[in-house]
Amino acid sequence: MYAIVKTGGKQYTIKPGDVLDVEKLEGEADSTLELTEVLLVSDGDTTTVGKPTVEGAKVVAKVVEHKRGVKINGYTFKPKKNIHHRYGHRQSLTTIEIQSIVA
């Protein structure tokens with residue numbers, strides 16, 4: 001069984017037991033949360049596609065940890081204007097483990 005869920009503006013294909021990093025979600029470590037924006041659910045024989053989401057479907061996940069992603073360094077340069085700008089960014093991430101998919 002697998003599903004496609006949307007969280008943080010991105011879509012992920014997941015199966016029970018998967019561990020993935022998503023944009024920061026609320027919740028303490030070792031707590032459970034529900035992802036209700038399920039776009040597709042398939043159990044091998046039947047596939048249900050939502051319009052835009054599947055009614056009554058949810059994904060139960062466990063929050064493993066909160067962390068920061070890798071640092072992205074950027075540089076802006078405008079010639080003939082003497083404008084140089086350096087910046088850095090680290091995204092806040094949440095590591096979740098998929099426990100079950102309820103269709």
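Student: How many bridges join S1 to S5, and which way do the two strands run?

Tutor: General idea to begin with: strands of a sheet pair through backbone hydrogen bonds, either parallel or antiparallel. Here, 4 bridges join S1 to S5, and the two run antiparallel. Strands are DSSP runs of E, at least two residues long, numbered from the N terminus, and two of them pair if DSSP finds at least two bridges between them. Within this pair, Ala-3 stands opposite Val-41 in S5.

Student: Anything I should know about the model itself?

Tutor: It's a predicted model, where local features need pLDDT of at least 70 and side-chain atom pairs count only at pLDDT 80 or more, while totals for chains, interfaces and linings use all residues. Residues are numbered from 1 along each chain as its sequence is written, and side-chain values use heavy atoms, with hydrogens and water left out.

Student: In what order do the strands of the open sheet come?

Tutor: Its 4 strands go S2-S1-S5-S6, with antiparallel pairing. S2 and S6 (47-49) are the edges with a single partner strand each, so one side of each has no neighbour in the sheet.

Student: Is Thr-7 buried or exposed?

Tutor: Buried means under 20% relative accessible area, exposed over 50%, and partly exposed in between (1.4 Å probe, protein chains only). Thr-7 sits in strand S1 and counts as buried, at 10% relative accessibility. Leaving aside neighbours within four places in sequence, Thr-7 is in contact (heavy atoms within 4.5 Å) with Tyr-12, Val-22 and Leu-25.

Student: Which residues touch the most other members of the largest nonpolar core?

Tutor: A nonpolar core is a set of buried Ala, Val, Leu, Ile, Met, Phe, Trp, Tyr and Cys residues joined through side-chain atoms within 4.5 Å. This one has 19 residues, and Ile-14, Val-59 and Ile-96 touch the most other members. Among the elements giving two or more residues to this core are strand S1 (2-7), strand S7 (58-68) and strand S10 (92-102).

Student: How many salt bridges does a search of the whole structure find?

Tutor: Side chains of opposite charge can pair when their charged atoms come close. The cut-off is a side-chain nitrogen of Lys or Arg within 4 Å of a carboxyl oxygen of Asp or Glu. The search finds 3. One of them joins Lys-10 and Glu-23, with the closest N and O atoms 2.5 Å apart. That pair links distant parts of the chain, from strand S2 to strand S3, 13 residues apart. Lys-10 is partly exposed at 38%, and Glu-23 is partly exposed at 26%.
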